[in-house]
Amino acid sequence: MAHSAFLRTFGKHWMKPVTLALLLAPFLYLAVLWIMMLNNLPTPMGWDAVKWTHHYLGDTAIRILLVTLAVTPVRDITGWAPIALIRRRIGLAAFFYALLHMLAYLGLDRGWSLVKLWEDVVIRTYITLGMIALVLMVPLAVTSTNGMIRRLGRKAWDRIHWLIYPLAIFAVAHNMLMQKTLWQTEPTVHAAILAVLLGWRVVRWGLGKLKRPAEVAA
Amino acid sequence: MELKFRRNTDYQDLSTEITPEKIFIDRRKLMAAGGMLGAGSILGALPACSEPQGAINAPAGASDHPKPGAKLVAAKSAFAVAEGPTVEDAFAGYCNYYEFGTDKSDPARNAFLMTTSPWQVKVEGETDAPGNYAITDLVDYKKLEERVYRHRCVEAWSMVIPWIGVPLNSVIAKLKPKATAKYIQFETYHNVKEMIGARAPVLKWPYTEGLRMDEAMNDLTLMAVGAYGKALQKQNGAPLRTVIPWKYGFKATKSIVKIRFVTAEPKTAWKTSNGNEYGFYSNVNPKVDHPRWSQASERVIGGKGGFNERRNTDMFNGYEKQVAAMYAGMDLAKNY
């Protein structure tokens, strides 16, 4: 694919800072809402601002996680390789929001009691799933630097980061189990998008297996 | 001429007759005008809205109860909560009334289409006084009292609400239940033209709830027609609803159109939909968790800017003294 000068300039100079700003925007928005709330101004968070905050952080984390998983398909379909350079920072942002999501729950709902949080992890399936997803994100976040890629080698690094597939499934399952009725559609939409993104990889992997013998023959 | 109405029961079958919204709203205005003038002929020309029916004992129109928002005079009662009532905007704007949508802000936006006058309550089952009643037949407006109760939702939030109503037992006394009546069942108004959320099968409509007779007769149980000094707003269950302060909020029935005395435990809406999470009793109990969350504490609604303080949930929502005896010897974890 021929790429325009604009796209080249954008990829080289703008893509990374613009992505960073976009990824931080939901956090800044939430910060503004909380400042307004604490000054007794009405906000879109409504009368149940704590619950709204939990859902907002959780939804943001899951959506950014889905965007992370969309980067590779977009690269392969458009052929625009530079987009892969922002994949790690998008994934890190997903971890950032997931961590805030857990901390908000721990602080605002469980009174910073790790014991109470652990009870939830043990008793409640959806919290177990969410916590597993968050814990699995930790090694990914820790190894997200250039230095770690170099130190581990591409192969070992890829093997660790393969964890994004199961953890995304756990995260979306955590989200699905929160529904009171199936008519609250957002978790279902998240699950459908995840199914497409993972399905695309399965199909690509299947096609690769089919192609290889033919290439050898040629 | 005597006007007779049949409401609420047959709307499901009228889906082919759905009226375009404009005409529908015009009809509503006509009906309102007709009601004021007592012009029976106009009403009689609207087959979808009124049909002659057999024996009923309600007065013509049955619309002499106060309109939503009208000022009510009520005697203060001894029931109070230390913190005082929640800010009224939160009560009016944060509602679970799935017939108007599943989001808490949906009912305040969507409830305006509901007709609350004329209104009749059908009473049937194990009773010596079956029939259709006007609200004013059931509720003695001269005996209204204001009771400030804590309202605890199963979703772990709470408010403090100054309800206006009469004890449900005073209503039941007028309805002469037979000795065979062991439970009382309530049904909410159901009309997909007026209730946008009821078009989706979120729950089995009409919304059905019920109580054991002794629970219904308990002095705490209210038949409410108002709150905050006014007749109930539509999103809060106008024109009349039950209030059972020691149970989770969904045990109350809003916009009641049917009362049935029955011999067996009624099939209630949330228990039917998800019996593992919502039981028939649903007494507020900090020691019995919802499968997905703890009930040990609650988010207080109506805080500064919408922020929620947390408070520890009280056994039976703070009404242990008045109600605990009814459940003596019962395993409350099993009978959740």
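Me: Which residues does B:Ala224 touch, not counting those up to four places away in sequence?

Reply: A friendly note before we start: this is a predicted model, in which local features need pLDDT of at least 70 and side-chain atom pairs count only at pLDDT 80 or more, while totals for chains, interfaces and linings use all residues. Residues are numbered from 1 along each chain as its sequence is written, and chains are lettered from A and ligands numbered from 1 in the order in which they are written. Two residues are in contact if their C-beta atoms, placed from the backbone, lie within 7 Å. With sequence neighbours up to four places away set aside, B:Ala224 touches B:Trp163, B:Ile164, B:Gly165, B:Leu232, B:Leu240, B:Arg241 and B:Val243.

Me: Which residues have the most contacts inside the largest nonpolar core?

Reply: A nonpolar core is a set of buried Ala, Val, Leu, Ile, Met, Phe, Trp, Tyr and Cys residues joined through C-beta atoms within 7 Å. Buried means that 20 or more other C-beta atoms lie within 10 Å of a residue's own, exposed means 12 or fewer, and partly exposed is in between, with C-beta atoms placed from the backbone. In the largest core, of 75 residues, the most contacts belong to B:Met223 and B:Ala224.

Me: Which strand supplies the largest share of this core?

Reply: Strands (E, at least two residues) and helices (H or I, at least four) are DSSP runs, numbered from the N terminus. Apart from this core lies another, of 37 residues, including A:Leu65 and A:Phe96. In the largest core, the biggest contribution is 7 residues, and they come from strand 5 of chain B.

Me: Is strand 4 of chain B largely enclosed or left open by the rest of the structure?

Reply: Strand 4 covers residues 145-153 of chain B. Of its 9 residues, 7 are buried, so the rest of the structure leaves this strand largely enclosed.

Me: How many bridges join strand 4 to strand 5 in chain B?

Reply: Two strands pair if DSSP finds at least two bridges between them. On one side, strand 4 runs parallel to strand 1 (residues 75-76) of chain B through 2 bridges, and B:Lys76 has B:Glu146 as its partner. With strand 5 (residues 157-167), strand 4 forms a hairpin that has 3 residues between the strands, and B:Arg152 is partnered by B:Ser158. These two strands run antiparallel, and the number of bridges joining them is 9.

Me: Which strands stand at the edges of the open sheet of 5 strands in chain B?

Reply: The sheet has mixed pairing and the order 3-2-11-6-7. Its twist averages 20 degrees from one strand to the next, where axes are lines fitted to C-alpha atoms (for helices over the stretch in contact) and angles run from 0 to 180 degrees between N-to-C directions. The edge strands have a single partner each, so one side of each lacks a neighbour in the sheet; they are strand 3 (131-133) and strand 7 (208-212).

Me: Which residue is the bridge partner of B:Gln185 in strand 7 of chain B?

Reply: Strand 6 (residues 183-188) and strand 7 run antiparallel, joined by 5 bridges. The loop between them holds B:Pro206, which follows B:Trp205 through a cis peptide bond with omega near -10 degrees. Within the pairing, B:Gln185 is matched with B:Gly210.

Me: What is the hand of the crossing of helix 2 and helix 8 in chain A?

Reply: The axes of helix 2 and helix 8 (residues 164-176) come within 11 Å and cross at roughly 145 degrees. Among the residues that meet are A:Gly58 and A:Ile62 from helix 2, and A:Ala168 and A:Asn175 from helix 8. A crossing is left-handed if the near helix is turned anticlockwise from the far one by less than a right angle, and right-handed if clockwise. This crossing of helix 2 and helix 8 is left-handed.

Me: How many charged residues are on the side of chain A that touches chain B?

Reply: Chain A places 20 residues in contact with 18 of chain B, and helix 1 (5-38) and helix 2 (49-78) of chain A each supply at least two of that side. Ala, Val, Leu, Ile, Met, Phe, Trp, Tyr, Cys and Pro count as nonpolar, Asp, Glu, Lys and Arg as charged, and the others, Gly among them, as polar. On the chain A side, 11 are nonpolar and 6 polar, and the charged ones number 3.

Me: Is B:Tyr228 buried or exposed?

Reply: B:Tyr228 has a positive phi, near 55 degrees, and its place is the loop between strand 8 (222-227) and strand 9 (230-231) of chain B. With 20 C-beta neighbours inside 10 Å, B:Tyr228 counts as buried.
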